[in-house]
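User: I am a first-year student, and I would like to take a close look at one part of a protein and then see how that part fits into the rest. Please go slowly and keep the reasoning in view.

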Amino acid sequence: MRASASVGAEKCEGWRPAWRAGTCLVPEDGWWAMAAMEAGPVPATLAQEDAARDASEAAGAGPEAPLLPAGNRLSLHLHPGGCRRLLRLCAQQAPQLLEVDFLQLSGHEDPQLLEAALARLPWSLPRLRSLVLKGGQRREALGACLRGSLATLPASLSSLARLAHLDLSFNSLETLPACVPQMCGLDALLLSRNCLSELPAALGALPALTFLAVTHNRLRTLPPALGALSSLQRLDLSGNLLEALPPEIGGLGSLAELNLASNRLQSLPSSLAGLRALRLFILHSNLLASVPASLARLPLLTRLDLRDNQLRDVPPELLDAPFVRLQGNPLGRPPPDPPSPPGPPVVPEMPRLLLTSDRDSFAVTPQGCSVTLACGVRLQFPAGATAAPMTIRYRLWLPEPRLVPLGPHDALLSGVLELQPHGVAFQQEVGLWLLFVPPRARRCREVVVRTLSDNSWSDLETHLEEETPKRLWAHCQVPHFSWFLVVSRPVSDACLVPPEGTLLCSSGHAGVRVTFPAGATEEPRHVRMQSGPSSFLRPVTIQLPLPPGVTGLSLDRARLHLLHRAAPAAAWDDITAQVALELTHLYARFQVTRFSWYWLWYTTKACVGSLARKAWERLRLYRVNLIALQRRRDPEQVLLQCLPRNKVDATLRRLLERYRGPEPSDTVEMFEGEKFFAAFERGIDIDADRPDCVEGRLCFVFYSHLKNLKEVYVTTALDRRARAVRGQVSFYRGEVPEVVPEEAEAARQKRGPAALWMATLPIKLPRLQGCEGPTREPGLSLAPLNLGDAETGFLTQSNLLNVAGRLGPDWPAVALHLGLPYRELQRIRHEFRDDLDGQIRHMLFSWAERQAGQPGAVGRLVQALEQSDRRDVAEEVRAVLELGRRKYQEGIRHTSLAPGNLTSPDRLPSPSPEPAQA
């Protein structure tokens, strides 16, 4: 039977949808919508695909339940086949579609399906106000974003009378669709990163347009009709090929922000003085040789960015203005010398190319050329370097372990530059200049360019060129293209040792010499020497200050410890007994024979009352507060946490963007390892069978170094359709660790009451409104994810959701230990940059989808949690697996099946036990 799933922030009458096994669905701030199988007329390709999929399903499968939108936002850009689902919803003529005012689809859909889906919008979504058809969700093998396939729009979209926002970015548009200038109510139009070479004059017929973005296209000119956009407030045309502006642009009286960066502008029209509302004017990275003085008289201008142009002189009004940026211009430099009189033929100047950020390739001819890339890299191809025209591609990679081969004492000074095609030999060596960060230590070190050649890394002969004290170039000659990076390494000296012997001196250390006597080698050999860190010939003295408030005359030497850590190791060793500590009034001195990590540690724990000193060194009485918060988008999800008093305010500031709830409880005292319980009362119950739930109470064990946090779903047997349910959660003390002395327990009772009750905080489940769907049956479990097996235990979607809710900011470490590449982590952070929960869920469920059906997946998850110092979550997963195994054995006994009767797992009875949920 084909399963369907719907995940959202708002639920109907307590019904919580399940995560489909083996599928990763990432909720966005809206909701997900999936239509039923019974659909109306759809394109032939859609019908064929559905028929093929239905034929492969098991016989007797029932139809899907129709799942319709439940709000005014419809986001289908992350769904595979989002257009197909939209067509099904339109075919059903669902009344909920009439309320949708936001629609987002992917530009990577099949062009025929996308055109068919867009053609239905004017009749199915008549109230649509925002339409997003962006590409860029898919990436190529090297990680670059791909453009969408959208090249046109159906003419019927001009009938969307209420459409105010249209985003067509990152697609393959070469001309603006004819229906766009006919959308008279359009307020914002985004056309960035397409292939547009011009804009139509009809674009000036949009009277309500206030924002227009056409960045990173191929525009060379602008239509004069652009000046008719009287309501336009923001215009972004950066990253194009514009060489001039039409004078009519001065008619944009409402324009407040104008961005023309990274174009080829050489001058500006005087009509720009008519932009009386202009506040921000960006013109950096052009070819401007002059600017009109009237720009200084714009009354509201707060920033004028003229960096990296060809300005040798500017009007005095602009030169002294505080809002003008002029860095990177040849101000005050004399103009170039005039051309010499006619004489003997002059060799033509080598062509120069200046690439913008949207170009990743350029052409090289046998004539040669000088190229400056957008990332700051310079290349010089001498005449005759190539025998035929050739296209060169480049890319700047972020440092990764597989791309950065560093020695034990090397330091990386630049990114990794890749030049393609790899291995093509040039007839003459090509000059390469790489910008790098100046190293902090330069003594006995040298800067070299490292490259990959014949599957091995080697260092090229490098010359340093200093443009400014903080702008350094590493220059080298390369015979072919590959990967290149700049590193700092210890000084290396080499020589050829003949049989007669020789002397090798270090250029970094004048006193280091190697003498090769006669007969040291039978044949000439190349020898390389590199000076690195070594032990000292005599011990050196290190002086460390004593902790504040402690002097050498008053401290207790039994509490003073000197810790040492070697570079590869992660643990600290106590070497107090191995060194002679000399104490003065303010300092501690000791001698070492080599440099490493040293830590002077002084403990101030003291004996309290009549308690044993050893017990109080291991145990502390903590003052904590208890909090109970409800997620804003899902009040049924409750976060319970026990926090030290000094961390409450910072934690609440971090959580209150996503959670809301009462103030923290009063301060209570707890021992390390003490148990306590959380009990939901007054009609509120825990929604799932959890291994840490004993007799309806949630069990905690307090540890000061852990987060002491749990997220649970709650439910109620009361009718929420009539009124809201006002319940509460109470916290009660449990068992005290056996190692706590009786005196310690007596000391705590003297400070306050000895009652088991600690605090009570309110919980409110709001009244359900506008929900007609069936309520969730008590005890309904989520469908098991194919992660694990019946004998060793399953992990369900609910289990993984609970794990995701516990990880928090530690999720990148868990992902790396699970084997996810660093590039995928960066992609997840970018796609869900404002949603930490979305980042965690997407990482965990995408990994689970790839591990479905593979043995040992659950063990790898537990191991990754332990390696990431999240043993609390790992122990909870083990408890879930143990509960699942116990239920499996109980199911076997209940059906009266002996172990010997089970010939194979495939012959187990159908009523298999359900895995535990946490």
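Which residues does Leu304 touch, not counting residues up to four places away in sequence?

Analyst: Please keep in mind from the outset that this is a predicted model. Leaving out residues up to four places away in sequence, Leu304 touches Phe281, Leu283, Leu295, Leu318, Phe323, Val324 and Arg325. One of these, Phe281, deserves a second look, since Phe281 and Leu304 are the residues that touch the most other members of the largest nonpolar core, which has 78 residues. The elements that give two or more residues to this core are helix 2, covering 82–92, and helix 3, covering 111–119. Of the elements, helix 2 gives the most, with five residues. Apart from this core there is a second, separate one of 31 residues, and among its members are Leu818, Ile828, Ala857 and Val862.

Helix 3 shows how a helix can present a buried side. Leu113, Leu114, Ala117 and Leu118 are buried in this helix, and when one looks down the axis of helix 3, its buried residues fall within an arc of 130 degrees, so they line one face of the helix. The general background is that an α-helix has 3.6 residues a turn, so residues three or four places apart point the same way. At the N-terminal end of helix 3, Asp110 acts as a cap, with a side-chain oxygen 3.2 Å from the backbone nitrogen of Gln112.

To place these details in the whole, consider the protein chain, whose secondary structure comes to 14 helices and 47 strands. Of its 918 residues, 44% are buried. Among contacts in the chain with a separation of 6 or more, 61% are between residues 24 or more positions apart. The chain exposes about 47,700 Å², and carbon and sulfur atoms supply 52% of that area.

Two residues in strands make a useful pair to study. Lys710 lies in strand 43, which covers residues 709–716, and Lys710 is buried because its relative accessible area is 10%, where buried means under 20%. The side chain of Lys710 makes a polar contact with the side chain of Asp692, at 2.7 Å. Setting aside neighbours within four places in sequence, the contacts of Lys710 include Val638, Leu640, Arg690, Phe700, Arg806 and Glu876, as well as Asp692 itself. Pro762, in turn, is found in strand 45, made up of residues 757–765, and Pro762 is partly exposed, with a relative accessible area of 48%. Not counting residues up to four places away in sequence, Pro762 touches Pro662, Gly727 and Gln728. Pro762 and Val729 are 33 residues apart in sequence, while their C-alpha atoms are 6.3 Å apart in space.

Finally, there is a sheet to examine. Three strands form an open sheet in the order 31-30-34, with antiparallel pairing. Strand 31 (573–574) and strand 34 (597–602) stand at the edges with a single partner strand each, so one side of each is left without a neighbour in the sheet. Strand 30, which covers residues 560–565, is joined to strand 34 by six bridges, and these two strands run antiparallel. Within this pairing, Leu560 stands opposite Tyr602 of strand 34. In general, the strands of a sheet pair through backbone hydrogen bonds, either parallel or antiparallel.

Notes
Residues numbered from 1 in each chain as written. Predicted model: local features only at pLDDT ≥ 70, side-chain atom pairs only at ≥ 80, totals over all residues. Heavy atoms only, no water. Pairing = 2+ DSSP bridges. Helix = DSSP H or I, 4+ residues; strand = E, 2+ residues; numbered from the N terminus. Buried < 20%, exposed > 50% of the residue type's maximum accessible area, 1.4 Å probe, protein only. Contact = heavy atoms within 4.5 Å. Core = buried A, V, L, I, M, F, W, Y, C linked by side-chain atoms within 4.5 Å. Areas by Shrake-Rupley, 256 points an atom, 1.4 Å probe, with all protein chains shown as cover. Arc of directions from axis to C-beta. Polar contact = N/O pair within 3.5 Å; in protein donor to acceptor, adjacent residues only side chain to side chain.
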